[in-house]
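Okay, thanks everyone for coming. I'd like to talk about the empty spaces in this protein today, and then about one pair of helices. Let me put the structure up.

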Amino acid sequence: MWRSLRLASTLGLCASAFGQSSTVDSYISTESPIAKAGVLANIGSSGVESSGAYPGVVIASPSAADPDYLYTWVRDSSLVFKMLIDQYTSGQDTTLRGHINDFIAAEANMQQVPNPSGTVSTGGLGEPKFNINETAFTGAWGRPQRDGPALRSTAMITYATWLIANKNETYVTDSLWPIIKLDLDYIMNNWNETTFDLWEEVDSSSFFTSAVQHRALRQGSALATAIGQSSVVSGYNTQADNILCFLQSFWNPSPGFMTANTGGGRSGRDANTVLTSIHVFDVEAGCDGVTFQPCSDVALSNLKVYVDSFREIYGINAGIRADQAVATGRYPEDVYQGGNPWYLASFAVAEQLYDALIVWSNEGLLTVTDVSFPFFQQFDASIKPGTYISSTPTYNTLTTAIKNFADGFITMAAKYTPSGGGLAEQYTRSDGTPTSAFDLTWSYASALTAFNARAGKTSASWGAAGLSVSPACSTSKASTIPVIFNVNVTTVVGQNIYLTGSVGALTEWSTTNAILMSSADYPTWSTAVTLPANTQIQYKYIIVNNGNVTWESDPNNEFTTSKSGITTLNDVWR
């Protein structure tokens with residue numbers, strides 16, 4: 001039985017029950033103060049749920065058993081404080097300075113603590129977690145995790161930049177810079193070494209880790225220049241260029257997604273990549289694909305592939321149309337604590353879409369490319385690649401639909417948020433009951449950043465605009481084209497139509513991972529898939545009803561993809 005959540009009652013907060021009919025506005029209005037209180041409750045030493053934690057130490061969760069999260073992770077702490085620093089420096093909450101100063105002191109202390117990964121000068125900065133009294137955790141764990149120094153330095157650089165703008169450069173140079181420089185030097189010297197990913201399971205190269213390392217070095221170079229520490233600038237810039245080049249190699253052109261890790265033996269579809277997009281968002285970079293901005297064609301294509309990978313594996317997603325929001329988790333093969341949806345994953349998808357809407361609004365246009373075509377085709381079956389300015393009906397149709405799609409992921413989280421508003425780590429795949437660690441700090445922080453994005457609030461630019469890479473950097477040279485599959489099928493209630501076929505992008509004849517088609521234009525069922533160009537393809541449609549699979553009759557459908565352009569196939573069920 002799910003243990004009752006204590007936070008709301010502890011803080012004397014009241015929340016109404018959130019059911020399927022709750023609006024996003026009302027959920028945000030009620031959940032925002034609960035989430036903010038949830039974050040602060042988990043920060044020592046004054047937080048009501050963080051007894052024993054030293055000042056500025058962020059506990060992952062008060063849960064001390066099954067699972068035991070009563071530790072502080074560098075990654076989680078830094079993401080949480082990046083959110084709080086953004087709130088403070090933007091004027092959204094001017095009461096947070098004491099917490100920020102405590103965080104800086106705590107992290108500076110833990111940098112110096114010898115641990116199983118090493119000392120401060122021999123690899124110890126890659127240690128992922130510590131005890132909440134700032135001593136080393138010495139048990140077996142997936143280490144090193146090299147995203148921590150990048151995320152910590154990014155949070156502190158954001159604060160340092162604000163301090164400089166407010167005439168406090170001396171504190172930055174004397175106190176903050178030595179802490180930040182340790183992390184940046186670690187990144188510069190170790191970014192191309194293997195690392196455990198942010199889920200602490202795969203030891204390889206991680207898209208998320210590499211992307212946040214790139215961002216940290218760019219910001220660090222700018223800060224170093226601003227305070228006269230010019231000796232490090234060349235080294236930071238050189239390795240930032242190298243990381244940005246390396247990042248391009250994660251792209252899987254068909255069906256169009258970023259592979260989360262270079263190892264691990266999984267499909268590569270992973271919330272890692274969506275989290276990357278929102279944590280490298282720079283509103284001044286537009287829809288740049290090189291830095292994986294939220295509205296870039298590669299990030300939108302990736303988002304669709306990621307979301308679609310969860311449509312059929314969770315019971316709570318049953319009956320949801322292919323163009324509507326669903327519950328999402330870490331990755332489809334996940335088995336941890338039952339392999340469930342995560343609140344922070346639902347919020348991350350919504351946040352990426354809200355970020356994209358912000359940029360399109362600022363620029364007064366959006367562009368549909370061959371790469372992003374399958375994403376946009378979900379919302380307008382007649383869409384063609386091109387640029388649509390804000391005065392056109394197509395622009396309004398797409399942005400309205402995408403806003404509703406984004407809201408659907410907030411609604412999904414709201415539906416499975418308990419009446420007290422507490423956010424656990426996960427909610428069960430079968431019925432949405434909160435499970436795993438309760439009052440997860442990262443869940444609360446991810447809700448707050450998604451809510452801010454929906455309100456049009458953005459963080460300060462980090463210098464992503466105008467960056468470029470040599471054509472030699474991309475290792476994904478294969479040419480692809482978008483293909484629209486339409487099939488006319490009359491079905492009965494409970495039946496859905498799926499697509500499967502002979503190539504990886506069509507799930508290689510799998511019936512369990514086949515592609516759910518949209519019934520928005522029933523009796524025509526449709527989907528768009530990015531396939532290898534100039535390639536012979538075989539495919540079939542299947543009907544699935546309560547787990548029972550019916551194949552259309554032989555022979556297989558067959559065609560050869562074109563070398564360019566969009567191909568539309570109009571079929572009738574056989």
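So, let's go straight to the largest pocket: 37 residues line it, and the ones nearest its centre are Lys82, Asp86, Arg215, Ser459 and Ala460. Keep in mind that this is a predicted model. The volume of that pocket comes out at about 770 Å³. Which elements build it? Two or more lining residues come from each of H3, helix H5 (147-165), H7, H9, H11 and H14. H5 gives the most, with 8 residues. And if you're wondering about chemistry, the lining of the largest pocket splits into 17 nonpolar, 14 polar and 6 charged residues.

Next, the second largest pocket, at about 670 Å³. This one has 31 lining residues, with Arg269, Ser309, Thr507, Asn513 and Ile515 nearest the centre. Here the elements that give two or more residues are H10, helix H12 (373-377), strand E13 (515-516) and strand E15 (524-532). Its lining has 13 nonpolar, 11 polar and 7 charged residues.

Now for the closed spaces. How many cavities of 30 Å³ or more are there? The count is 3. The largest cavity holds about 80 Å³ of space. Helix H3 (74-89), helix H9 (271-279), H11 and helix H14 (441-454) each put at least two residues into its lining, and H14 has the largest share, with 4 residues. Among the lining residues are Met83, His279, Glu351 and Trp442. By class, that lining is 8 nonpolar, 3 polar and 1 charged.

The second largest cavity comes in at about 70 Å³. Helix H7 (residues 207-226) gives the most to that lining, with 3 residues. Residues around this cavity include Phe207, His214, Met258 and Trp462. The lining has 8 nonpolar and 3 polar residues, and no charged ones.

Last thing, the helix pair. H10 (residues 297-308) packs against H11 (residues 343-363) at an angle of about 155 degrees, and the axes are 12 Å apart. Anything over 145 degrees counts as roughly antiparallel, so that's what H10 and H11 are to each other. Their crossing is left-handed. On the H10 side, the contact is made by Ala299, Leu300, Leu303, Tyr306 and Val307, and on the H11 side by Ala345, Val349, Gln352, Leu353 and Trp360. That gives 9 nonpolar residues, 1 polar and no charged ones in the contact.

That's what I've got, so over to you for questions.

Definitions and conventions. Residues numbered from 1 in each chain as written. Predicted model: local features only at pLDDT ≥ 70, side-chain atom pairs only at ≥ 80, totals over all residues. Heavy atoms only, no water. Axes fitted to C-alpha atoms, helices over the stretch in contact; angles between N-to-C directions. Parallel < 35°, antiparallel > 145°, perpendicular 65-115°, else oblique. Left-handed = near helix turned anticlockwise from the far one by under 90°. Contact = heavy atoms within 4.5 Å. Nonpolar A, V, L, I, M, F, W, Y, C, P; charged D, E, K, R; others polar. 1 Å grid on protein atoms, 1.4 Å probe; cavity = no way out; pocket = protein on both sides within 12 Å on 5 of 7 lines; lining within 4 Å. Points joined across faces, edges and corners; volume = space filled by probe spheres on them.
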